Amino acid sequence: MSAQLAQYLLSGVTIGAIYALVALGFSIIFNASHVINFAQGEFVMIGGMTTVSLLGAGLPLPLAIVAAVIVAAAMGLALEKFAVEPARGASVVTLIIITIGASIFLRGLATLVWDKKLHTLPSFSGHRPIEIAGAALLPQSLWVLGVTLAIVLLLSWFFGRTLLGKAILATSHQRLAAQLVGINVRQVVFISFGLSAALGAVAGILITPITLTSWDVGIMLGLKGFAAAVLGGLGSGPGAVLGGLVLGIAETLSAGYLSSAYKDVIAFVLMLAVLFFMPRGLLGGRVTERV
Amino acid sequence: MISWLAQARTGGMLALIAAIALLPLALSNNYFYEVAILVGLNAIVCVGLNLLIGYAGQISLGHAGFFGLGGYGSAILSARYGWPPLAALAAATAAVGLIAFTIGRPILRLRGHYLAMATLGMGVIVSIVVSTEDGFTGGPDGMSVPPLTLAGMVLQGERVWYWVVGALVIAAVWLAQNLIESPTGRALRALSGSEVGAEVVGIDSSRHKLLVFVISAVYAAIAGGLTAHYSGFITPGKVSFFHSIELVTMVVFGGMASTFGAVVGAAILTTLPQVLTVFKEYEMVAFGAVMMGTMIFVPKGLVPSLAMMTAARRRPVRSHGSDR
C-alpha cells in the first residue's frame, strides 16, 4: 500500500467518522418522529462555536466541551418543543420547511452571538503527527475515531439495554403500538432531538481543531451527514456509521485521484446512485408497501 | 354569464389580470417596479412547481437547479457564444426540459422522503458544478448576461419588463389552470390522493408524473433565463439549495394545490426580504422565524386557509369536487 493511499484512507476515515456522527443524529430523529431535521448541521456549528467562546472565556477545555454539548442539546430540545411539536401531524414538506427555517434562524443567531470569522480550537493532545505505513496521522484524528467508536458502543448499549432506548426503538417501529403499550411517544420524540443535537455538537467539537469552524459550517456538514444517512439507509444506526465512513473515504480518494474541486459532489452522486439502485440504502430494512 | 364569472377560477383569473393591470398605479419608482418584476418571475416558477407539489403530490427540493440551468444556459450561450438572447433562452429551456425528461423517470420512482432527498441531491450537484466550472460560469462571482432583444429591439427599462413579465405570469397561470381542468389534471389529482388507487382505475402514473415534472422544470427554466437577462447578472446563489427551499416555501406558504396561492406566496416571500432589510443584522433570524411561524400556524397555506374561512361563512357544508 503506497504511503499516499494510506494518507487518503486515514483522513477519509477521520472525516467519515464525523459524517457518521451527524448521520446518526439524522437517523435517531427520523426514527422517532419521521422528521428529517435539516437543522442537524447547525448543532455541529453550535458545538464548535460554543466551545471556542467558552474556552476564550477562561474555562478549561474539558469543561468547555461538556458545557457546549449541554448547550447544543438544550437547543435541540427547544427546537422540538417550540417548532416541531406544535406542527405535529403536518405534511412532510411542511416539516422540512420548518426545520430549514430553524436552521436559518440558528445561523442568524450565530452571526449575532458570535461573528462571521473562522475560529479554531487547540488540538486535544498536541500536534505531533504519528506515522502509520508512511502516512501521517494527527493525534486529533485518533480522538475523532476513539470518541466516535465510544459513542457508537454507548448508543448500541443505550438502544439495546436501557428502557428509554428500547422505548425509542419501539416508537420507531410502530408509533401507535408503542403508545398502546404505555410509551410516552411525545417524550421519546423530545428526547431524540436532544440526543441528536448532542451528537452533532460532539462532531463539531472534535473536528474544529482540524478543519476550523464558523457560523456557516453547518450547511455542508449537515447535507453530507444527511447523504451519509441516506447512503447507509435512513433510520439504520449501523447504516449511518457505514454510510459516513464510505462517504469520507470516497471523498478523500476522489479529491486525491480525481479532482479536489469536485470532492463535494461525490457525496451526492453516491447518494443518488444508492437511491436509484437500492432506495432503502446499504443497510436499510426492506419495506413492503401498503395501500 | 354570471355563473361563468362566479366560478372560482374565472374570478381568480380576472382578479389576477386586474391586479397586474392596476399595480403600476401603486408603483411610484423603479425600485418598486424591480421588486414587482422579481415577484412575477418567481411566480412563474411557483405556478409550475405547484403543479408538481400541490397537484401531483411530488416533492422537489431541487428546482433551483432547473431555474439556474435555464439562467446559466441562456447566459452562457448568449454571452460566450454570441447567440441571440431569445434563441439562447429557447435552447436553454429546451435543454432543461430534456434533462428533466431524462432524470425524471428514475427520480420519480421514489416517493416521499426519498424523492425529497434525490431532488435535493440533484440540485446540490448542479450548484457545485456551476460554482466550479468558472471558465463557463464565472465561478462564485457569477457572470454578466446581455439584455434580451426582441425583433431587433433591446428589452430594457423597468416599465417594459413589467408588462412583459405580467403578460407571462397571466399566460403561465392560464396554462396551468387549463392543465388542471383537463383529464391530465384530474389524473394528477388522483395520483396525489393514492398512486396505487390511480393505477387501478387505469391512470399511467409514471407518465403523468414525468409530464408534470418536465412542465414544472420548463416553467423554472424560462423564469431563470428571464431573470438572468433582466438583472444582467447571474450568481450561483440562484442555483443554491437555499433557493430551492425558498421556491418550495413560496408554494407551500401561498397554499398547495392553489395556482393563485402560488402567485400570492411568490409575492409575499419575494417582498419579505426587502422589508426585512430594516432589521439589518437581525434579517436572517427574522426570516427563519417567519418561515417556521407560518408553517406552524398556517400549515395549509394562506390562500386555501382564507378560502376555507370564507367558504365556511358563505355556505354550510359542501365537500370540494363533489358533482351534483
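**Exercise 1. Find what follows helix H1 of chain A, and state the sign of its phi angle.**

Solution. In this predicted model, the residue that comes after H1(A) is A:His34, and its phi is positive, near 55°.

**Exercise 2. Compare the expected span of H1(A) with the distance between its end C-alpha atoms, and decide whether the helix is largely enclosed by the rest of the structure or not.**

Solution. Begin with the length: H1(A) has 31 residues, and at 1.5 Å a residue these should span 45 Å. The expected span is 1.5 Å times one less than the number of residues. Next, take the distance between the end C-alpha atoms, which is 45 Å and therefore agrees with the expectation. Finally, turn to burial, where a residue needs 20 or more other C-beta atoms within 10 Å of its own; 26 of the 31 residues of H1(A) are buried, so the helix is largely enclosed by the rest of the structure.

**Exercise 3. Describe how H1(A) packs with H10(A), giving the angle and the distance between the axes.**

Solution. The two helices pack at an angle of about 145°, and their axes are 6 Å apart. As for handedness, H1(A) passes H10(A) in a right-handed crossing. Sorted by class, the contact of H1(A) with H10(A) has 15 nonpolar, ten polar and one charged residues.

**Exercise 4. Locate A:Gly237 in helix H10 of chain A, and establish whether A:Gly237 is buried or exposed.**

Solution. A:Gly237 lies in helix H10, which covers residues 237-257 of chain A. Because 21 other C-beta atoms are within 10 Å, A:Gly237 is buried, the cut-off being 20 or more. With neighbours within four places in sequence left aside, A:Gly237 is in contact with A:Leu24, A:Ser27 and A:Leu155.

**Exercise 5. Identify which members of the largest nonpolar core touch the most other members.**

Solution. The core holds 191 residues, and A:Ala72, A:Met271 and B:Cys46 are the ones that touch the most other members. Helix H1 of chain A (residues 3-33) gives the most to this core, with 18 residues. Taking B:Cys46 separately, and not counting residues up to four places away in sequence, the residues it touches include B:Leu247, B:Met250, B:Val251 and B:Ala262.

**Exercise 6. Work out how many residues each chain brings to the contact between chains A and B, and which helix gives the most on the side of chain B.**

Solution. Chain B brings 32 residues to the contact, and chain A brings 35. On the side of chain B, helices H6 (112-132), H12 (241-254) and H14 (283-297) each supply at least two residues. H6(B) gives the most, with twelve residues. By class, this side of chain B has 25 nonpolar, six polar and one charged residues.

Definitions and conventions:
Residues are numbered from 1 along each chain as its sequence is written. Chains are lettered from A and ligands numbered from 1 in the order in which they are written. This is a predicted model: local features need pLDDT of at least 70, side-chain atom pairs count only at pLDDT 80 or more; totals for chains, interfaces and linings use all residues. Helices (H or I, at least four residues) and strands (E, at least two) are DSSP runs, numbered from the N terminus. A residue is buried if 20 or more other C-beta atoms lie within 10 Å of its own, exposed if 12 or fewer, and partly exposed in between; C-beta atoms are placed from the backbone. Two residues are in contact if their C-beta atoms, placed from the backbone, lie within 7 Å. Ala, Val, Leu, Ile, Met, Phe, Trp, Tyr, Cys and Pro count as nonpolar, Asp, Glu, Lys and Arg as charged, and the others, Gly among them, as polar. A nonpolar core is a set of buried Ala, Val, Leu, Ile, Met, Phe, Trp, Tyr and Cys residues joined through C-beta atoms within 7 Å. Axes are lines fitted to C-alpha atoms, for helices over the stretch in contact, and angles run from 0 to 180 degrees between N-to-C directions. A crossing is left-handed if the near helix is turned anticlockwise from the far one by less than a right angle, and right-handed if clockwise.
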